[in-house]
Amino acid sequence: MEGTTLSSENLDRIDIKILQCLQEDGRISNLKLAESVSLSPTAVLARVQRLTKDGYILGYEARLNPLKLGAGMMVFVEILLDRTTPNVFDAFNAAVQVRAEIMECHMVAGGFDYLLKTRMADMAAYRHFAGTVLWQLPGVRETRTYAVMEEVKDTTRLPLR
């Protein structure tokens with residue numbers, strides 16, 4: 001959605017309610033969604049299609065349990081690059097895209113350049129990842145690692161008016 005600015009000002013209360021319902025249960029049936037917002041199924045389907053076309057709804061996916069799937073350890077990593085030039089940023093950005101262990105990568109302002117969210121089986125797996133992948137990423141000069149001891153809050157839900 002580069003170059004597109006979407007505003008919740010373009011949404012009415014029914015659109016907001018539809019988005020809230022879909023955030024709570026992305027698998028809700030169209031009929032049940034229609035009942036929740038007091039519209040006909042046809043009208044709700046048209047609104048969901050419009051919200052998707054306009055970029056308010058990006059897609060649907062299942063939230064999986066990392067503990068049951070061998071990725072129970074979350075580690076955040078600060079990355080400081082050796083140079084901050086467009087080609088170094090581009091190379092770094094491309095390299096993190098292909099690593100499944102890197103769940104999120106954010107360029108940040110402040111004392112370092114990127115913040116990564118990674119998931120591993122355990123500390124041994126992270127140590128292997130750090131030695132064979134992390135330090136091989138383009139332009140990495142320094143890293144700081146923060147192993148998560150407890151996930152206090154984990155949500156993807158956005159606050160809606």
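Colleague: Is Glu104 buried, partly exposed or exposed?

Modeller: This is a predicted model, and in it Glu104 counts as partly exposed, because its relative accessible area is 33%, while buried would mean under 20% and exposed over 50%. Glu104 belongs to strand S2, and its C-alpha atom is separated by 9.8 Å from that of Arg119, which stands 15 residues away along the chain.

Colleague: How buried or exposed is Arg119, and with which residue does Arg119 form a salt bridge?

Modeller: Arg119 counts as buried, because its relative accessibility is 11%. As for its partner, the general idea is that side chains of opposite charge can pair when their charged atoms come close. In this structure Arg119 forms a salt bridge with Glu151, and the closest N and O atoms of the two are 2.7 Å apart. Because Arg119 lies in strand S3 and Glu151 in the segment after S4, the pair ties together parts that are 32 residues apart in sequence. Glu151 itself is partly exposed, with a relative accessible area of 37%.

Colleague: How many salt bridges does the structure hold, and which residues are joined into one network by salt bridges that share partners?

Modeller: The structure holds 11 salt bridges, and those that share partners join Asp12, Asp15, Arg47 and Arg50 into one network. One of the salt bridges pairs Arg47 with Asp12, with the closest N and O atoms 2.9 Å apart. That pair links distant parts of the chain, since Arg47 sits in helix H3, residues 41–53, and Asp12 in the segment before H1, 35 residues apart. Arg47 counts as buried at 18% relative accessibility, whereas Asp12 is partly exposed, with a relative accessible area of 31%.

Colleague: With which residue does the side chain of Asp154 meet in a salt bridge?

Modeller: The partner is Arg63, at 3.1 Å from N to O. This pair, too, links distant parts of the chain, with Asp154 in the segment after strand S4 (140–147) and Arg63 in the loop between H3 and strand S1 (73–81), 91 residues apart. Asp154 is partly exposed, with a relative accessible area of 40%, and Arg63 is exposed, with a relative accessible area of 56%.

Colleague: Turning to the pockets, what is the volume of the largest pocket, and which residues are the closest to its centre?

Modeller: The largest pocket has a volume of about 1,500 Å³. It is lined by 40 residues, of which Gly59, Glu61, Arg63, Thr156 and Arg157 are the closest to its centre, so that Arg63, described above as a salt-bridge partner of Asp154, appears here again. The elements that give two or more residues to this lining are helix H1 (13–24), strand S2 (102–107) and strand S3 (114–120). The largest share, five residues, comes from H1. When the lining is read by class, it has 20 nonpolar, eight polar and 12 charged residues.

Colleague: Which residues line the second largest pocket, and which element supplies the largest share of its lining?

Modeller: The second largest pocket has a volume of about 170 Å³, and its lining is made up of Asn93, Val96, Gln97, Arg99, Ile102, Met103, Glu104, Cys105 and Tyr114. Glu104, the residue with which we began, is therefore one of those that line this pocket, and it is partly exposed at 33%. Helix H4 (86–97) and S2 each supply at least two residues, and the largest share, four residues, comes from S2. By class, the lining divides into five nonpolar, two polar and two charged residues.

Colleague: Cys105 is in that list; how many disulfides does a search of the whole structure find?

Modeller: The search finds zero disulfides. As to the surroundings of individual cysteines, Cys105 counts as partly exposed at 29% relative accessibility, whereas Cys21 counts as buried at 8%.

Colleague: Finally, is Glu78 buried or exposed, and which side chain does a polar contact join to that of Glu78?

Modeller: Glu78, which lies in strand S1, counts as buried, because its relative accessibility is 13% and the limit for that class is under 20%. A polar contact of 3.1 Å joins the side chain of Glu78 to that of Tyr146.

Key: Residues numbered from 1 in each chain as written. Predicted model: local features only at pLDDT ≥ 70, side-chain atom pairs only at ≥ 80, totals over all residues. Heavy atoms only, no water. 1 Å grid on protein atoms, 1.4 Å probe; cavity = no way out; pocket = protein on both sides within 12 Å on 5 of 7 lines; lining within 4 Å. Points joined across faces, edges and corners; volume = space filled by probe spheres on them. Nonpolar A, V, L, I, M, F, W, Y, C, P; charged D, E, K, R; others polar. Salt bridge = Lys/Arg side-chain N within 4 Å of Asp/Glu carboxyl O. Buried < 20%, exposed > 50% of the residue type's maximum accessible area, 1.4 Å probe, protein only. Disulfide = S-S within 2.5 Å. Polar contact = N/O pair within 3.5 Å; in protein donor to acceptor, adjacent residues only side chain to side chain.
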